[in-house]
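Hi,

Here is the structure I promised to pass on. Have a look at it first, and then read on for what turned up.

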Amino acid sequence: MSRNGHLRYSPYATTGILVGDFTMPRGTVYRAHWHPLHQLAWSPKGLLRVRSDQGVWLLPPSLALWIPAALPHATESAGDAVMRSAYVAPACCPHIDWPEPTVLAVTPLLRALVDHLARTDLAADARIRAEAVLLDELHPVPVTSVSAPIPRDPRARAVAQRLTADPADGRTLASWGTEAGASARTLARLFVAETGLAFGQWRERLRMQAAMPHLAAGLPIEAVAHRVGYATASSFTAAFHRLVGVTPRQYFPLDDQGAS
C-alpha cells in the first residue's frame with residue numbers, strides 16, 4: 001500500500017481478488033483514500049478502526065468490513081495490528097450490491113481462503129475456484145457503526161474532549177455547563193444540532209467506542225464496564241447489545257484474543 005493508503009496493483013492482473021498484507025504498528029493511519037476495487041478489510045491480529053462518512057467501525061479478528069469501490073475511507077490501527085485485505089474486482093461479483101460499508105463474519109473458512117489467495121503460486125483454475133468460494137462465504141452480521149461525532153462549537157467540543165479523555169465521567173450537563181461556560185439547555189441544543197444525538201445518546205456511543213480496545217485486549221467485562229462508566233457488567237452488556245447489535249463476547253470472542 002502506498003503512503004496515502006492506495007493499493008499498488010497491476011491493472012493487467014487477471015485475478016479477480018488480490019490480497020495485500022500490511023503491518024500496522026500502533027498509531028499507523030492511512031488517511032482518507034479510496035480504491036477502484038471493493039475492499040474486504042480484515043486484521044488477523046489486532047484491532048482495526050475504519051472511518052467513513054457512513055460511520056466508524058472497530059474490527060477484531062472475528063469481523064471484517066466490506067468497503068465498496070470508490071468509497072472514501074480512512075484506516076488506522078488501535079494498537080499493533082496486521083491488516084490482510086482482499087481487494088475484489090467489481091466485475092467478478094455483480095451479485096454483491098452493498099452500497100455502504102458492511103460488517104461480515106470472519107469464519108474459519110473465510111480466514112483460510114484469504115490466506116490461500118495470498119499465495120502467488122496458485123494455478124489459474126485453482127484461484128478461480130477459491131475466489132468463487134470466498135465470495136459465497138461473505139455473510140453480513142447485524143453489527144452497527146458506533147459513531148460519536150465531535151461537536152464544532154468550542155463549548156460543546158470542550159465537553160466532548162474531556163469525556164473522550166475520561167468516558168467514565170458521569171457529570172450532568174448542568175455540571176458541565178459551569179465548566180464550559182454555557183447553560184445545560186445550550187449544551188443540549190448544541191449536541192443535537194452538531195452531532196445529531198442527544199447528549200446522553202452521544203455519551204453512550206462514546207463509551208462503547210472507548211470500551212472496544214479494552215475488550216479486544218481481553219479485559220474482563222466487569223473491569224471494562226467500570227472503566228467506561230457503568231456500575232455493573234450487566235448494564236454495560238445491555239447497552240453494548242442495544243447499540244452495537246451483539247453482545248461484547250459475540251463481538252470479541254475469547255477464542256480470537258491474541259489470534260495470529
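The largest cavity holds about 50 Å³ of space, and bear in mind that this comes from a predicted model. The structure has one cavity of 30 Å³ or more. If you want to find the spot, the residues around the largest cavity are Val56, Trp57, Leu58, Thr144, Ser145, Val146, Gln209, Met212 and Tyr251. Strand β5 (55–59) and helix α6 each put at least two residues into that lining, with β5 giving the largest share, three residues. By class, the lining of this cavity comes out as six nonpolar and three polar residues, with no charged ones.

Next, the second largest pocket, which has a volume of about 210 Å³. Its lining is made of Arg49, Arg51, Ile150, Leu163, Thr164, Pro167, Leu206, Gln209, Ala210 and Pro213. You'll recognise Gln209, which lines the largest cavity and also this pocket. Which elements each supply at least two residues of the pocket lining? They are β4 (48–52), α3 (154–165) and α6 (199–216). Helix α6 contributes the most, four residues. Sorted by class, the pocket lining has six nonpolar residues, two polar and two charged.

Two of those elements, α3 and α6, also pack against each other. In general, a pair of packed helices is described by the angle between the axes and by how far apart the axes are. Here the axes of α3 and α6 come within 10 Å and cross at roughly 35°, and the crossing is right-handed. On the α3 side the contact uses Val159, Ala160, Leu163 and Thr164, while α6 brings Phe199, Trp202, Arg203 and Leu206. Taken together, the residues of this contact are six nonpolar, one polar and one charged. Notice that Leu163, Thr164 and Leu206 belong to this helix contact and are also among the residues lining the second largest pocket.

Back to Arg49, one of the residues lining that pocket. What does arginine 49 form with glutamate 76? The two make a salt bridge, and their closest N and O atoms are 3.2 Å apart. This pair ties together distant parts of the chain, with arginine 49 in strand β4, glutamate 76 in strand β7 (residues 73–77), and their positions 27 residues apart in the sequence. In total, the structure holds 12 salt bridges.

One last residue to click on is alanine 105, in strand β9 (residues 102–105). Which residues does alanine 105 touch, leaving aside its neighbours within four places in sequence? The list is Ser62, Leu63, Leu110, His139 and Val141. Of these, histidine 139 is 34 residues away from alanine 105 in sequence, yet their C-alpha atoms are 5.9 Å apart in space.

That's the tour. Give me a shout when you've had a look.

Cheers

How values were computed:
Residues are numbered from 1 along each chain as its sequence is written. This is a predicted model: local features need pLDDT of at least 70, side-chain atom pairs count only at pLDDT 80 or more; totals for chains, interfaces and linings use all residues. Side-chain values use heavy atoms; hydrogens and water are left out. On a 1 Å grid over the protein atoms alone, a cavity is a set of points where a 1.4 Å probe fits but cannot get out, and a pocket is an open set with protein on both sides within 12 Å along at least five of seven lines; lining residues have an atom within 4 Å of a point. Grid points are joined across faces, edges and corners, and a volume is the space filled by probe spheres set on the points. Ala, Val, Leu, Ile, Met, Phe, Trp, Tyr, Cys and Pro count as nonpolar, Asp, Glu, Lys and Arg as charged, and the others, Gly among them, as polar. Axes are lines fitted to C-alpha atoms, for helices over the stretch in contact, and angles run from 0 to 180 degrees between N-to-C directions. A crossing is left-handed if the near helix is turned anticlockwise from the far one by less than a right angle, and right-handed if clockwise. Contact means heavy atoms within 4.5 Å. A salt bridge is a side-chain nitrogen of Lys or Arg within 4 Å of a carboxyl oxygen of Asp or Glu.
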